[in-house]
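Thanks for coming, everyone. I'd like to walk you through a structure this morning, so please have a look at the screen.

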Amino acid sequence: MEKIIVRGGERLRGTVSIEGAKNAVLPILAASILPATGRTVLTNVPILSDVYTMNNVIRFLNVTVGFNEAEKSITLDATGDLSYEAPFKYVSQMRASIVVLGPLLARLKHAKVAMPGGCAIGTRPIDLHLKGMEALGAKIEQHDGYIEATTTGLVGANIYLDFPSVGATQNIMMAATLAKGTTVIENVAREPEIVDLANVLNQMGAKITGAGTETIKIVGVPVMHGAEHAIIQDRIEAGTFMVAAALTKGNVLIKDAIAEHNKPLISKLEEMGVAIKDEADGVRVIGPEQLQATTVKTLPHPGFPTDLQPQMSILQLMANGTSVMTETVFENRFMHLEELRRMNANFKIEGDSAVMYGPNVLTGAEVAATDLRAAAALVLAGLVAKNITQVTNLKYLDRGYYHFNQKLAALGASIKRVDDLSANPLDLKKKAQN
Ligand SMILES: CC(=O)N[C@H]1[C@@H](OP(=O)(O)OP(=O)(O)OC[C@H]2O[C@@H](n3ccc(=O)[nH]c3=O)[C@H](O)[C@@H]2O)O[C@H](CO)[C@@H](O)[C@@H]1O
Ligand SMILES: C=C(OP(=O)(O)O)C(=O)O
């Protein structure tokens, strides 16, 4: 069985490089459906199972996809006859496939996408995506587990999102690029990945302003063309390594990390006694001898990211005093803590909060990942636990981290992965197809 085996107790030291952002590249791959002429070339693409899955989705739609793993680049061509259906087989593997709905509707006036279910971290409805498509003039029908959207032509509209959903913002923004007239979306998500998507769409000929603020304006254009774009750095991977350095009393330079993108994490780390230095080539993190307790609440950007909550909670467990983590974005994102009971973690869950009594003395155990960030958090816990920790269910880790154990080992962690199917991109690719 594939597993990561880690012996706790090493201080991490050195430099670690960060990949392109998973949450930026996935919607941008969907955006490659929009150009009717020219090829799109993406660079700084992370080698992740989610990327292979999204490649499979858009290949099924007849986009030509060439992934050059050695160069971390993908060339895309959507100039042929496209198909409008994203089947259950792929959408069930990865919820983010729902973001093909907007571009398909814009380009073909017809989209049929399998209904994405919830996942381990929450129920994850898509009502806001659908509300946006309807406002732009799409007729939505739900049947046989599919959402079918049709239109005689999308028309710009004013849309207010009840919640700044990342996926809904991306889907509506992409649908509106080719709509007739102007669309204004209010209360949108402001994540850096939204800005990256808007940048590539504008390179493709779209007219989008306001990405990164609460209101996005899109002036529809008749046609879009291919573009070249380098994916932004992964702030969640960077944040995970910041936590790893802080946790192990380490001293690590997270190369090319963008401090601005990780402000909410950095501010909490500083509160806990961690030294952070914004250097010319990245962010240096120096962990203290003893972390201090802190209170954290997850929120849409620029609040504390839910995707760093599980990792941050390991720091809180190790901090001196009582820490509280409140999760407001997803209703079921404390599964890693339940696993950590096997490692003697002392905490209690009260509604949407976890109250952690530190400093804990974690002891190694066999634990199973339940989702992507839970997987990373369990490995982090292993770095500071006594004895040996074994983490299984690594398919979740491979969705979002490239060479996670190798990068930690290069920083001095005593860690290895057995039966490693992620070392070779071809194995990851095969896994994404199964
Ligand atoms: C591929 C990708 O980029 N994934 C990220 C994206 O997911 P995703 O785009 O799915 O997350 P959303 O921002 O849409 O979801 C946030 C909250 O809004 C709710 N909601 C969302 C849409 C909707 O139509 N109705 C509704 O109620 C969700 O159930 C959830 O409680 O943002 C999340 C929140 O930062 C991150 O954790 C994910 O890593
Ligand atoms: C929840 C995440 O991703 P997704 O939305 O793809 O499930 C994540 O990246 O932590």
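Let me start with a question for the room: which residues in α1 meet which residues in α2? From α1 we have K22, V25, L26, L29 and A30, and across from them in α2 sit D50, V51, M54, N55 and I58. Sorted by class, the residues of that contact come out as 7 nonpolar, 1 polar and 2 charged. Before I go further, please keep in mind that this is a predicted model.

How do these helices sit against each other? α1 and α2, the latter covering residues 49-60, pack at an angle of about 10 degrees, and their axes are 10 Å apart. An angle under 35 degrees counts as roughly parallel, so α1 is roughly parallel to α2.

There is another helix pair to show you. Helix α6, residues 166-177, packs with helix α7, residues 192-203, at an angle of about 10 degrees, and here the axes are 11 Å apart. That angle makes α6 roughly parallel to α7. On the α6 side, the contact uses V166, T169, Q170, M173, M174 and T177, while α7 brings I194, L197, A198 and L201. In that contact of α6 with α7, you can count 7 nonpolar residues and 3 polar ones, with no charged residue.

Now let's zoom out to the whole protein. We have 15 helices and 24 strands. The C-alpha atoms fill a box of roughly 60 × 45 × 40 Å along the principal axes. For 434 residues, a compact globule would have a radius of gyration near 22 Å, and the protein's 21 Å agrees with that.

The domain assignment splits the protein into domain 1, which is 3-19 + 233-433, and domain 2, which is 22-230. Their C-alpha centres lie 30 Å apart. How many residues does each domain put into the contact? Domain 1 gives 24 residues and domain 2 gives 20. On the side of domain 1 that touches domain 2, the elements giving two or more residues are α13 (395-400) and α15 (425-433). α15 gives the most to that side, with 6 residues. As for chemistry, that side of domain 1 has 8 nonpolar, 6 polar and 10 charged residues.

On to the ligands, starting with ligand 1. It is surrounded by 21 residues, and the closest are N23, L128, S165, V166 and G167. Some elements from earlier come back here: α1 (22-31), α5 (127-135) and α6 each supply at least two residues of the shell. By class, the shell around ligand 1 has 11 nonpolar, 7 polar and 3 charged residues. And where is ligand 1 in terms of the domains? Domain 1 and domain 2 both give residues to its shell, so ligand 1 lies between them.

Then there is ligand 2. The residues around ligand 2 are N23, R95, A96, C119, I121, D307, L372, R373 and G400. You'll recognise N23, which I also listed among the closest residues to ligand 1. The shell of ligand 2 divides into 4 nonpolar, 2 polar and 3 charged residues. Ligand 2 also lies between domain 1 and domain 2, because both domains give residues to its shell.

I'll finish with some backbone details. Most residues other than glycine have a negative phi, and most peptide bonds are trans. With that in mind, have a look at the peptide bond from H301 to P302, which is cis, with omega near 10 degrees. P302 lies in the loop between β18 (295-297) and α10 (309-318). A cis peptide bond also joins G358 and P359, with omega about 0 degrees. You'll find P359 in the loop between β21 (353-358) and β22 (366-368).

And what about phi of D144? It is near 50 degrees, which is a positive value in a residue other than glycine. D144 lies in the loop between β8 (139-143) and β9 (146-150), if you want to find it on the screen. Thanks for listening, and I'm happy to take questions.

Note on methods. Residues are numbered from 1 along each chain as its sequence is written. Chains are lettered from A and ligands numbered from 1 in the order in which they are written. This is a predicted model: local features need pLDDT of at least 70, side-chain atom pairs count only at pLDDT 80 or more; totals for chains, interfaces and linings use all residues. A residue is near a molecule or strand if its C-beta atom, placed from the backbone, lies within 6 Å of it. Ala, Val, Leu, Ile, Met, Phe, Trp, Tyr, Cys and Pro count as nonpolar, Asp, Glu, Lys and Arg as charged, and the others, Gly among them, as polar. Domain bounds come from an automatic or database domain assignment. Axes are lines fitted to C-alpha atoms, for helices over the stretch in contact, and angles run from 0 to 180 degrees between N-to-C directions. Helices (H or I, at least four residues) and strands (E, at least two) are DSSP runs, numbered from the N terminus. Angles under 35 degrees count as roughly parallel, over 145 as roughly antiparallel, 65 to 115 as roughly perpendicular and the rest as oblique. Two residues are in contact if their C-beta atoms, placed from the backbone, lie within 7 Å. The radius of gyration is taken over C-alpha atoms; the globule rule is 2.2 Å times the number of residues to the power 0.38.
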